[in-house]
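Trainee: Let's go through a model together, one question at a time. I'll ask, and you show me how to get to each answer.

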Amino acid sequence: MMMWSNFFLQEENRRRGAAGRRRAQGQLGAGLTPEREGKVKLALLLASVGATLAVLSVGTEFWVELNTYKANGSAVCEAAHLGLWKVCTKRLWQADVPTGRETCGPAELPGEANCTYFKFFTTGENARIFQRTTKKEVNLAAAVIAVLGLAVMALGCLCIIMVLSKGAEFLLRVGAVCFGLSGLLLLVSLEVFRHSVRVLLQRVSPEPPPAPRLTYEYSWSLGCGVGAGLILLLGAGCFLLLTLPSWPWASLCPKRGHRAT
């Protein structure tokens, strides 16, 4: 009787040990291979460049520069630069302005600066810039879309980090969608902001003093936003390619050892 009980006990331990080994092998097989992990890290590096440019673009106020024309007989001229959150007006010395330039600027020149955040984020009032009035609905829409793009981008980064740390490869597709959506949202925000600039130039106040003539030029913050949107879309495409099965690519690029004679 003791012999049979020992036999069944050993058999049960053997089955449990075999099941444990199978589970361990399954967990090891579910992880990323070194080659695949390197590709994911390379795509994440590309997306990180886009994320850095996106944060830099949204956080700075050099999206567009508004320049007045030089006033004859005056030693100073006025310029302004604005972004999603605030506007900075500057009084520049005409001696510092390049000689062949008809308008005041660029805004990076040293001068007396007065920077204020837009009131439509707090009190709901429109801002007045050089006797022109903003349309707060358009400016608010551009800011909200940009912030939403940053939030989706952060979610995409979290998904890829989970892929690298936990081996959850199904999150690659989710991360690709998040990065692609964030890139599109940033580009849409840029277009809405461009529309807000055109609206600002048309909304001239009838109250004195008369509004000065203005020219405008887009600056480096907006360029960073365009680059960020395109790089995030490219990163999303790279992550999406990593989710595709390898057999279509293997059939297009057969190994040399299997060539037909």
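Trainee: Is C88 buried or exposed, and what is its relative accessible area?

Mentor: Before that, note that this is a predicted model, where local features need pLDDT of at least 70, side-chain atom pairs count only at pLDDT 80 or more, and totals for chains, interfaces and linings use all residues. Residues are numbered from 1 along each chain as its sequence is written, and side-chain values use heavy atoms, with hydrogens and water left out. Buried means under 20% relative accessible area, exposed means over 50%, and partly exposed is in between, using a 1.4 Å probe and protein chains only. C88 counts as buried because its relative accessible area is 1%.

Trainee: Which residue is joined to C88 by a disulfide?

Mentor: A disulfide here is a pair of cysteine sulfur atoms within 2.5 Å. The sulfur of C88 has a partner 2.0 Å away. That partner is C115.

Trainee: How far apart in sequence are the parts that this pair ties together?

Mentor: First, some words: helices (H or I, at least four residues) and strands (E, at least two) are DSSP runs, numbered from the N terminus. The bond joins C88 to C115. C88 lies in strand β3 and C115 in strand β4, so the distance in sequence between the parts they tie together is 27 residues.

Trainee: What is the handedness of the disulfide of C88 and C115?

Mentor: Look at the torsion about the S-S bond, which is about 115°. With that torsion, the disulfide is right-handed.

Trainee: How does C115 count by accessibility?

Mentor: Its partner C88 is buried, but look at C115 on its own. Because the relative accessibility of C115 is 39%, it counts as partly exposed.

Trainee: How many disulfides does a search of the whole structure find?

Mentor: You've met C88 and C115. C77 and C104 also form a disulfide, with sulfur atoms 2.1 Å apart. The whole-structure search gives a total of two.

Trainee: Where is C104, the partner of C77?

Mentor: The pair links distant parts of the chain, 27 residues apart. C77 is in strand β2 (residues 76-82). C104 is in the loop between β3 (86-93) and β4 (111-117).

Trainee: What pattern do the disulfides follow?

Mentor: Count the bonded cysteines along the chain. One bond is C77 with C104, and another is C88 with C115. The pattern is 1-3, 2-4.

Trainee: Why is C157 not bonded to the closest cysteine sulfur?

Mentor: The closest cysteine sulfur to that of C157 belongs to C159. C157 has no bond to it because the two sulfurs are too far apart, at 9.3 Å.

Trainee: How far is the sulfur of C159 from that of C178?

Mentor: C178 is in no disulfide. The nearest cysteine sulfur is that of C159, at a distance of 4.9 Å.

Trainee: How are α4 and α5 oriented to each other?

Mentor: Helix α4 (residues 171-202) and helix α5 (residues 220-242) pack at about 160° with axes 8 Å apart; axes are lines fitted to C-alpha atoms, for helices over the stretch in contact, and angles run from 0 to 180 degrees between N-to-C directions. Angles under 35 degrees count as roughly parallel, over 145 as roughly antiparallel, 65 to 115 as roughly perpendicular and the rest as oblique. The two helices are therefore roughly antiparallel.

Trainee: How many charged residues are in the contact of α4 with α5?

Mentor: Contact means heavy atoms within 4.5 Å, and R194 in α4 is among the residues that take part. Ala, Val, Leu, Ile, Met, Phe, Trp, Tyr, Cys and Pro count as nonpolar, Asp, Glu, Lys and Arg as charged, and the others, Gly among them, as polar. The contact has 18 nonpolar and five polar residues, and the number of charged ones is one.

Trainee: How is helix α3 oriented to α4?

Mentor: Helix α3 (residues 136-166) and α4 pack at an angle of about 165°, with their axes 8 Å apart. That makes α3, relative to α4, roughly antiparallel.

Trainee: Which peptide bond is cis, with omega near 0°?

Mentor: Look in the loop between β3 and β4, where P106 sits. The cis bond runs from G105 to P106.
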